[in-house]
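Work through these exercises with the structure in view. Try each task before you read its solution.

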Amino acid sequence: MSVSVWAFSESPSVANEVASSASSIARAAGGSFTVIGLDDSGPLLAGEEKVVLKSDVPLSTSPEAAAGALAKFAREENPDVVLVGSTRDGKEIASRLAVKLGRPCVSEVFGASLGNGTLQGKRNVFAGKLVAEVAVPLPCVVALKVGTTSALPASEAAAREKAMGSLPSKTKLLEMREKQKGTVDLKGAKLIVAAGRGVKKKEDLAIVSELAAALGGAVGCSRPLSADMGWLPEEHHIGLTGVTVHPDLYIAVGISGQLQHVAGIKDSKVIAAVNTDKSAPMFEASDYGVVGDLYSVLPAMLRQIKARRQ
Amino acid sequence: MKIAVCVKHAVDETELKVDAGGNPQLKGAATRMSTFDKNAVEEALRLKAAHQGEVVIVTVGTPEAKKTMKEALAMGADRGVLVSADPMAIDTRRTAELLAAALKKGGPYDVVLCSEGSSDMYSGLVPPMVGELLDLPYVGYARRIEVSGQAAKVERALEDSVEVVEAPTPLVASVVSEINEPRYPTLIQIMQAGRKPVEELSAEALIPGAGQSVSLVRGMKAQAMARKRVVFEGPPEETAKKLLEALASEGVLPR
């Protein structure tokens, strides 16, 4: 019997990535995969088998309604594995679906494969200090970690439409504000200079921004600077509960290197750190470190960057 | 207003030791209330301050979880409900089922709060599962909660957007850590916490068969941290130069 895999994300930018994982997982197991989308969240790009769920109510902005639609369709088609992108709304949809269908569910999974009637994979636990091996018996719902696979190329295949009727939603969306784009795009940044508590005053962030500008990079920060001090908007917060980044170069300036912060930068190609405290955990998580005061090391770096360019 | 907060007693990941073979030493490891749960307790206490009522802490845990219960009671919660089961031996769905059953038994609650995820496993699945199981409105990743009358207005922090959502009470919500700054209990509060009532429920009594292990985790190993850990010390001009040279040789500096 061939295994059937569904790939779903309410987020168009994540949907292709989930489709890509579904494609390789299904192919390796000799199974089939179908990409499922929501009518109001943009066209489906990847996949040969596409189904778009339609409803009288908005689905893309109500995880409850989206889960309702998916559950209804899943009861008809009975897919062995439903893969969902581990976005914030995606995890809610996966949870609800698991309860509705009475299936086990695991989130933030990467490196997934099928075998012996289970989906096996890994997930980071204990703020990234450990990796857990999970084995989820089929049929199951699994939310895949975002940003671990490249997107699948778009296909010409037309999507089948499936009307799901009306679906309940107990909450009402009053307003949606896009976070300011353009000011910071840490997820896609190739180079990031991030500030931590070693920066003493808000005005001193200028030194960090100056280094970032000189290197053509973006500015990030550790949690205290955005959440406690409010020196930078929450969008700059890198870490477990903030943004996960994967630049070519990450420079941590005055960041002690708490597990929660390091969890958000693990996939960086090269990590550098500047910190006065030689025993700061940040150095353990770095390729290159400078023990020194950022107030003298950063200006020295800037002088040398400028000198190189002349 | 009757408010419940679901919390988890967890191993302190910052104190967790790993042996030479990469195996975590979970037995005897330092434990405490899951970091972000303090924000959920804090938010409940703020809601109580504004609306009067009662804050009840609900947890699924081993007898050791009484430590977390005491932490939450010391912060100002009124009483606790401890469902005895080992959260590391059951999956998220079973945990959510036990929480939902305990909430139903002691309810109805006007507001049920959770944090966005536990600091140990960080699945983020249990709060929406509780909402779904109780068939209540659920709002995840709240960074602001305002309750007035029979409705709540909640600001949700998503990846690329902020949503303002309205939901009738009773409701279930998860909060992000930016929602507030958790208070520190005073010495007197810590001393008084031991005298606050904690009801113990057996998992088996709530849901027959719920005590059985249903873990989906096969094993845990230390994350390979393949970093070079080269450290430069000396005068700033010198260390800055060495760092830039090293980064240039890695090919990660713009030319």
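**Exercise 1. Contacts along chain A**

What share of the contacts in chain A with a separation of 6 or more comes from residues 24 or more positions apart?

*Solution.* Start with the source. This is a predicted model: local features need pLDDT of at least 70, side-chain atom pairs count only at pLDDT 80 or more, and totals for chains, interfaces and linings use all residues. Residues are numbered from 1 along each chain as its sequence is written, while chains are lettered from A and ligands numbered from 1 in the order in which they are written.

Next, the term. Two residues are in contact if their C-beta atoms, placed from the backbone, lie within 7 Å. Residues 24 or more positions apart account for 62% of the contacts in question.

Now try chain B. Among its contacts between residues at least 6 apart in sequence, 70% join residues at least 24 apart.

**Exercise 2. Describe each chain**

Give the confidence, the elements, the extent and the buried share.

*Solution.* Step one: confidence. The model scores ipTM 0.92 and pTM 0.88. Chain B averages a pLDDT (the predictor's confidence in each residue, from 0 to 100) of 95. In chain B, 100% of the residues score at least 70.

Step two: elements. Helices (H or I, at least four residues) and strands (E, at least two) are DSSP runs, numbered from the N terminus. Chain A has seven helices and 15 strands. Chain B has seven helices and 13 strands.

Step three: extent. Along the principal axes, the C-alpha trace of chain A spans about 65 × 45 × 35 Å. For chain B the box is roughly 65 × 40 × 40 Å.

Step four: burial. A residue is buried if 20 or more other C-beta atoms, placed from the backbone, lie within 10 Å of its own, exposed if 12 or fewer, and partly exposed in between. Of the 310 residues of chain A, 56% are buried. Of the 255 residues in chain B, 50% are.

**Exercise 3. Helix 3 of chain A**

Why is helix 3 of chain A described as largely enclosed by the rest of the structure?

*Solution.* First find the helix: residues 88-101, 14 in total. From first C-alpha to last it reaches 20 Å, close to the 20 Å expected (1.5 Å times one less than the number of residues). Now count burial. The helix is largely enclosed because 12 of its 14 residues are buried. Among them are Asp89(A), Ile93(A), Leu97(A) and Leu101(A). Just after the helix, Gly102(A) takes a positive phi of about 65 degrees.

**Exercise 4. Follow strand 8 of chain B**

Which strands pair with strand 8 of chain B?

*Solution.* Two strands pair if DSSP finds at least two bridges between them. Strand 7 of chain B pairs with strand 8 in the antiparallel sense over six bridges. Here Val147(B) partners Ala152(B). Two residues lie between the strands of this hairpin, where Gly149(B) takes a positive phi near 65 degrees.

Strand 9 of chain B is joined to strand 8 by seven bridges, also antiparallel. Glu155(B) partners Val164(B). This hairpin has three residues between its strands. Strand 8 (residues 151-157) is mostly covered, with five of its seven residues buried.

**Exercise 5. Where the chains touch**

How many residues does each chain bring to the contact?

*Solution.* Chain B brings 66 residues and chain A brings 66. On the side of chain B, helix 7 gives the most, with nine residues. That side divides into 35 nonpolar, 11 polar and 20 charged residues. (Ala, Val, Leu, Ile, Met, Phe, Trp, Tyr, Cys and Pro count as nonpolar, Asp, Glu, Lys and Arg as charged, and the others, Gly among them, as polar.)

Finally, look for pairing across the chains. Five bridges join strand 7 (residues 130-137) of chain A to strand 12 of chain B, and the two run antiparallel. Ala132(A) has Met220(B) as its bridge partner.
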